[in-house]
Amino acid sequence: MSHKLSKIVKEIGIDFHGDDVDIDGIHTLSEASLGQLSFLSSDRYAHDLPHTNAAAVILSSKYLNLVPKGTVALLTDEPYLKLALATRLFRYSPSIEIAIPKKGNNCSIAENVTFGKNVVLGDNVTIMAGCYVGDYTMIDSGTIIYPNVSIYHHTLIGQRCIIHAGVVIGADGYGYAHRSDGRHTKIHQNGNVSLGDSVEIGANSTIDRAVFGTTTIGAGTKIDNLVQVAHNCELGENCLLVCQTALAGSTRLGDNVTMGGQSGAIGHLQIGSHATIASRSGVTKSLAGGKIYGGFPAVEHTVWLRMQAKLQSLIKKRKD
Amino acid sequence: MSHKLSKIVKEIGIDFHGDDVDIDGIHTLSEASLGQLSFLSSDRYAHDLPHTNAAAVILSSKYLNLVPKGTVALLTDEPYLKLALATRLFRYSPSIEIAIPKKGNNCSIAENVTFGKNVVLGDNVTIMAGCYVGDYTMIDSGTIIYPNVSIYHHTLIGQRCIIHAGVVIGADGYGYAHRSDGRHTKIHQNGNVSLGDSVEIGANSTIDRAVFGTTTIGAGTKIDNLVQVAHNCELGENCLLVCQTALAGSTRLGDNVTMGGQSGAIGHLQIGSHATIASRSGVTKSLAGGKIYGGFPAVEHTVWLRMQAKLQSLIKKRKD
Amino acid sequence: MSHKLSKIVKEIGIDFHGDDVDIDGIHTLSEASLGQLSFLSSDRYAHDLPHTNAAAVILSSKYLNLVPKGTVALLTDEPYLKLALATRLFRYSPSIEIAIPKKGNNCSIAENVTFGKNVVLGDNVTIMAGCYVGDYTMIDSGTIIYPNVSIYHHTLIGQRCIIHAGVVIGADGYGYAHRSDGRHTKIHQNGNVSLGDSVEIGANSTIDRAVFGTTTIGAGTKIDNLVQVAHNCELGENCLLVCQTALAGSTRLGDNVTMGGQSGAIGHLQIGSHATIASRSGVTKSLAGGKIYGGFPAVEHTVWLRMQAKLQSLIKKRKD
């Protein structure tokens, strides 16, 4: 899918002077390729602007001097809203078109599974009753999909994965531009989800597609029931996410990170490899690997235990 | 559906003397209309009794002097249990009867979608594979329903809504009369759910139907994945409920209320417009609008931060 | 399903000297019957070893002197990993084979319900659109299954149960042997789930099958939406589990235990009958019945309230 830049700016309501080009997608400043549109809506990413490969960038005029040569500046006071409007042009419209997948050997596919177009299945794939597999999804050999699983378009699933009933992979991430009149304008989620080999996902868990790029679950990672992995998270290999854990958007886990039941982490964090987050903890900042953390806000577990003990002691000793 | 009052009292085991009338439903004291049955099981609603329009009220004898003229008093020591038994008479039995919906123009309906009777769809409605749409449900123009969504009977869905995979709308609220022998008798949930325009609901979230009346989601409200909205909640416009949030029964949110991830609110509260509830907070009393709250029990966020700082300081200074 | 012990030890890589026998399953030391394989991987269960009926036990050599006569010792330094490998031999492979269930009178089964083999339904069972009912499942009289429910093989469901849309019963419990190289080897979950009479389960909740034996929900227990009950939990009669509650593996509840919304309990605990756990509490040790508990870690609710009050007082009085 591509659009002329002149068409995009007209749709989103920005003035544009310069050479017209074809735009074939949207991505962040650091990840945008030559034919893509990008945006800058927060100071924290300003340092990426001078080095971007984007063909055009939506941004406010205060950053104009950082725009690299050859990149078109699309000036606006509402860059995030304009981005949201632009994502709409590149959205993948849901469709009820069905097709026959390309199948490997010895697949077992229940009769009422629905496939979108251009689905590819490896050997020995089992897909049970009531599942939906969206367009351009690839499911590699030996993977088992239990009943009533919904897999949105462009999902990649590795070998020997086990996806339990009711799981939803690739639903839209939760992203909106908030307008001054109080309304929220959807940022269409045009990325996808990729699961490595030997991933297991428990019943009714949800893994959202990326806004741009890919939400990634590393090989060997095991996810329990009712877990939420938000858009653009990147999980390393062999992580363990116990039931009802939630990761907010763009949080990155190293390898072998364990998150206990009902724990959570806010977005845009990094949790190092071999870190363990105790049950019901809430992570609010990036954490080094190899340690155990607990509490909310999460601190090292020994510190948390010491705090709890002191607190008990304070409460007991004081007479009031 | 209507029943003679004489039949109802016989079924639920209450003595009845007076004129027989047709009863066409059950509602709260304040909302009951002329032909309806009501009940009083808690002092907090006694003030509604003198003004009720209900044809008959189930209640204990201590409230007898507050019953308005023309309303039949149905006396019992167990009003809540008797109510539960009465709701059974007005329940809507699940049925596997299927029918062809009345459709607007340009709808895209997957082949294996199941419709109950008397469903009405607007123009340009998309319903993907494996969905169930119950009796008397109306889905307005431009709405998209992703795969494996379950919509119970009598649900109203506005224009341009987006309902993600695995969502359940209109399942029974969680309501029981607790008997002295320890058993729980179901209060049948005879209300419904209504979604305004431009509502988006994330994957595997659940919006319960009202016990009486309507669970309401205001226009422009955006709900993330794995969120629970209980029976009789009323959400204003443009609210944001982030993943794994739960609202207990009958809680009301104004407009533009934001509830962070894994937060919750107990039942029968009011949260004012433009209030923001931080992630993982638990709201235990009604909150004024326009402010930021955090912690459990939730207090103003600045207070919570000050409390946390003082706590740290107390713990550090003390030697034990 | 049964395998020669000689075949099992070859598959899992343990040396074996002694008489070969048929092994027809795997269970814990205390529950294993004469023809079964068992294992010992934690000191806490060593006291069960001398009394086990198991035909063979996987264990480390330090327990060798506790092995009863007639039981074959299978010696290894990695008993839990060897167990995991052995469970694979007894796993029930998912299949897309369909069959016609044995039905009682007056059942209402939607057209697109999928049944595995050897399913038995009582009288007056209703199963709505999109459900999946796995092999050897029994659903007793008067039970209602709402749309898009997934029930795995060998599940037992009592009379007059109500299972709401999107529920998953019998998915695999979350169990792995953790290898020294960081990978996790699946412990196949070869048990099942049993629901007593008059159980109600709310939308999108998940009840996992046992690793061995049965995950049990007692008669009259009512479970709200988005609740997780892990493998091998045993719930008594008339319990109430409010929305988003999670029970970790092997935790046992007496009768009439109430768990408030968003509460949780870690695994291998016992909570006595008529205990009430307040909303958002986290139970970390076994609790006596008949009392109210709150906080995290959960303590008696009066203690928790006193702690909170003292804390407030400390914070207010101190000047810093």
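These legends walk through several close-up views of a predicted model.

**View 1. Chain A on its own.**
Start with the whole of chain A before zooming in. Its C-alpha trace spans about 70 × 60 × 35 Å along the principal axes. Strands dominate the count of elements here, with 36 strands and three helices in chain A. Of the 320 residues in this chain, 59% count as buried. Chain A exposes about 12,700 Å², and carbon and sulfur atoms supply 49% of that area. If you look at contacts in chain A with a separation of 6 or more, 21% of them come from residues 24 or more positions apart.

**View 2. Chain B laid on chain C.**
A turn of 120 degrees, with a shift of 0.0 Å along the axis, puts chain B on chain C with an RMSD of 0.0 Å. That is the relation of a three-fold axis.

**View 3. Asn148(B) where the chains meet.**
Asn148(B) sits in the loop of chain B between β13 (144-145) and β14 (150-151). Is this residue, Asn148(B), buried or exposed? With a relative accessible area of 5%, Asn148(B) is buried, because the cut-off for buried is under 20%. Look at who surrounds Asn148(B): leaving out residues up to four places away in sequence, the residues it touches include Gly130(A), Tyr132(A), Asn148(A) and Val149(A) from chain A. From chain B itself, Asn148(B) touches Ala129(B), Gly130(B), Cys131(B), Gly166(B) and Val167(B). Chain C also comes into the picture, as Asn148(B) touches Asn148(C). One of the chain A neighbours, Ser150(A), does a bit extra: its side chain and that of Asn148(B) are joined by a polar contact of 3.0 Å.

**View 4. A salt-bridge network across chains A and B.**
Here three charged residues come together: Asp172(A), Lys186(A) and Glu200(B) are linked in a network of salt bridges. For context, the count over all chains comes to 21 salt bridges.

**View 5. Lys4(B) and Asp22(B), strand to strand.**
Now for a pair within chain B. The side chains of Lys4(B) and Asp22(B) form a salt bridge, at 3.4 Å from N to O. Which parts of the chain does the pair link? Lys4(B) belongs to strand β1 (residues 3-4) and Asp22(B) to strand β2 (residues 22-23), so the pair links distant parts of chain B that are 18 residues apart. Both ends have some access to the surroundings: Lys4(B) is partly exposed at 43% relative accessibility, and Asp22(B) is partly exposed at 45%.

**View 6. Glu234(C) and Arg252(C), another link between strands.**
Over in chain C, the side chains of Glu234(C) and Arg252(C) meet in a salt bridge of 3.9 Å, N to O. Glu234(C) is in strand β26 (residues 234-235) and Arg252(C) is in strand β29 (residues 252-253), so this pair ties together parts of chain C that are 18 residues apart in sequence. Glu234(C) has a relative accessible area of 34% and is partly exposed. Arg252(C), at 40% relative accessibility, also counts as partly exposed.

**View 7. Arg183(C) and Asp181(C).**
Staying in chain C, this view picks out a salt bridge between the side chains of Arg183(C) and Asp181(C), with 2.8 Å from N to O. How exposed are the two partners, Arg183(C) and Asp181(C)? Arg183(C) is partly exposed, with 43% relative accessibility. For Asp181(C) the value is 46%, which counts as partly exposed.

Terms used:
Residues are numbered from 1 along each chain as its sequence is written. Chains are lettered from A and ligands numbered from 1 in the order in which they are written. This is a predicted model: local features need pLDDT of at least 70, side-chain atom pairs count only at pLDDT 80 or more; totals for chains, interfaces and linings use all residues. Side-chain values use heavy atoms; hydrogens and water are left out. Copies are superposed by least squares on the C-alpha atoms of residues with pLDDT of at least 70 in both. A salt bridge is a side-chain nitrogen of Lys or Arg within 4 Å of a carboxyl oxygen of Asp or Glu. Helices (H or I, at least four residues) and strands (E, at least two) are DSSP runs, numbered from the N terminus. Buried means under 20% relative accessible area, exposed over 50%, partly exposed in between (1.4 Å probe, protein chains only). A polar contact is a pair of N or O atoms within 3.5 Å; within protein, one must be able to donate a hydrogen and the other to accept it, and residues adjacent in sequence count only if both atoms are side-chain atoms. Contact means heavy atoms within 4.5 Å. Accessible areas come from the Shrake-Rupley method with a 1.4 Å probe; for residues, only the protein chains shown count as cover.
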